[in-house]
Amino acid sequence: MATLNLYCGARKFRRIAWAGFSLAALTCSALCASEPVQYPRNFRNWILAGTGVIMPGGPIPESEHGIHRIFANQKAADGYASGDFADGSIIVYELRHAQEKSGMIFEGERRRVDVMIKDSRLYKSTGGWRFERFWGNDETQDALNGSGTACFQCHSKADTHGLVFSQMR
């Protein structure tokens with residue numbers, strides 16, 4: 001009888017351990033789903049949605065001074081016309097230093113890359129978008145926390161165009 005109780009106890013322990021392991025695996029997969037997506041390599045080969053130069057002397061903060069380029073993958077480019085961006089849309093905002101020499105402006109070092117990734121299922125709390133920021137040429141460290149909830153607060157002002165400020169040029 002003691003052997004049977006020991007056997008049943010071991011079975012019960014294995015079931016509890018398996019349940020605990022399963023719960024840990026589910027938790028891990030949920031955490032992994034919230035990890036930053038990879039840096040969008042080769043985005044400069046995408047569709048150029050717009051460009052601009054902001055120089056010192058105006059009302060725009062220094063953090064935005066430089067040469068701006070906005071790139072869109074095909075899904076995002078399709079969404080610019082209607083303001084309805086499908087899941088899988090990716091928009092990249094690249095900011096580079098602007099260097100002026102002899103009355104001409106040249107592209108300098110990269111300051112940052114901001115990324116918007118559309119996935120309505122994963123990012124419900126931020127209007128279906130994930131926001132990321134990469135400083136300089138760093139392609140691995142997302143500088144934003146919480147899928148960019150602070151970015152969403154500002155982007156929510158562009159709710160008539162899918163939370164996207166830029167327009168296709």
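Among contacts in the protein between residues at least 6 apart in sequence, what share joins residues at least 24 apart? The share is 49%. The model discussed here is predicted.

## Overall make-up

The protein has 3 helices and 5 strands. From the start of the sequence to its end, these elements are arranged as α-β-β-α-β-β-β-α. The protein has 169 residues, and 34% of them are buried. Its exposed surface comes to about 10,800 Å², of which 58% is supplied by carbon and sulfur atoms.

## The nonpolar cores

In soluble globular proteins, nonpolar side chains tend to be buried together. The largest nonpolar core in this model contains 15 residues. Those that touch the most other members are Ile70, Tyr80, Phe85, Ile91, Met116, Trp129 and Val164. Two or more residues of this core come from each of β2, α2 (74–80), β3 (90–101) and β5 (129–135). There is also a second core, separate from this one, with 8 residues. Tyr39, Val113, Val115 and Phe134 are among its members.

Which residues does Ile70 touch, not counting residues up to four places away in sequence? The list includes Ile47, Leu48, Ala49 and Gly50. It also includes Tyr80, Ile91, Val92, Tyr93 and Ser166.

## The second largest pocket

Ile70 appears again at the second largest pocket, where Ile70 is one of the residues that lie nearest the centre. The others named there are Thr51, His68, Tyr93 and Ser166, and the whole lining consists of 16 residues. The space in this pocket is about 200 Å³.

Two strands, β1 (47–54) and β2 (66–72), each supply at least two residues of the lining. The largest share comes from β1, with 6 residues. Sorted by class, the lining has 7 nonpolar, 6 polar and 3 charged residues.

## Buried residues and their partners in space

Several buried residues can be paired with a residue that lies elsewhere in the sequence. The table gives the separation of each pair along the chain and the distance from C-alpha to C-alpha.

| Pair | Apart in sequence | Apart in space (C-alpha to C-alpha) |
|---|---|---|
| Ile117 and Ile91 | 26 residues | 6.8 Å |
| Asp142 and Glu132 | 10 residues | 5.8 Å |
| Ser89 and Gly79 | 10 residues | 8.0 Å |
| Gly162 and Gly127 | 35 residues | 8.5 Å |

Ile117 belongs to strand β4, which covers residues 104–118. Ile117 counts as buried because its relative accessible area is 10%, and the cut-off for buried is under 20%.

Asp142 sits in the loop between β5 and α3 (149–155). The relative accessible area of Asp142 is 8%, so Asp142 is buried.

Ser89 is in the loop between α2 and β3. Is Ser89 buried or exposed? Ser89 is buried, because its relative accessibility is 0%. Leaving aside neighbours within four places in sequence, Ser89 is in contact with Asn73, Lys75, Ala76, Met116, Ile117, Lys118 and Trp129. Of these contacts, Met116 and Trp129 are also named in the largest nonpolar core.

Gly162 is located in the segment after α3. With a relative accessibility of 18%, Gly162 counts as buried. Not counting residues up to four places away in sequence, Gly162 touches Gly83, Phe85 and Trp129. Phe85 and Trp129 are again residues named in the largest nonpolar core.

## Two loop residues with positive phi

Where is Asn42 found? Asn42 is in the loop between α1 (2–33) and β1. Although Asn42 is not a glycine, its phi is positive, at about 65°. Asn42 counts as exposed because its relative accessibility is 57%, and the cut-off for exposed is over 50%.

Ser102 lies in the loop between β3 and β4. Ser102 has a phi near 55°, which is a positive value in a residue other than glycine. The relative accessibility of Ser102 is 70%, so Ser102 counts as exposed.

Key
Residues are numbered from 1 along each chain as its sequence is written. This is a predicted model: local features need pLDDT of at least 70, side-chain atom pairs count only at pLDDT 80 or more; totals for chains, interfaces and linings use all residues. Side-chain values use heavy atoms; hydrogens and water are left out. Helices (H or I, at least four residues) and strands (E, at least two) are DSSP runs, numbered from the N terminus. Buried means under 20% relative accessible area, exposed over 50%, partly exposed in between (1.4 Å probe, protein chains only). Contact means heavy atoms within 4.5 Å. Accessible areas come from the Shrake-Rupley method with a 1.4 Å probe; for residues, only the protein chains shown count as cover. On a 1 Å grid over the protein atoms alone, a cavity is a set of points where a 1.4 Å probe fits but cannot get out, and a pocket is an open set with protein on both sides within 12 Å along at least five of seven lines; lining residues have an atom within 4 Å of a point. Grid points are joined across faces, edges and corners, and a volume is the space filled by probe spheres set on the points. Ala, Val, Leu, Ile, Met, Phe, Trp, Tyr, Cys and Pro count as nonpolar, Asp, Glu, Lys and Arg as charged, and the others, Gly among them, as polar. A nonpolar core is a set of buried Ala, Val, Leu, Ile, Met, Phe, Trp, Tyr and Cys residues joined through side-chain atoms within 4.5 Å.
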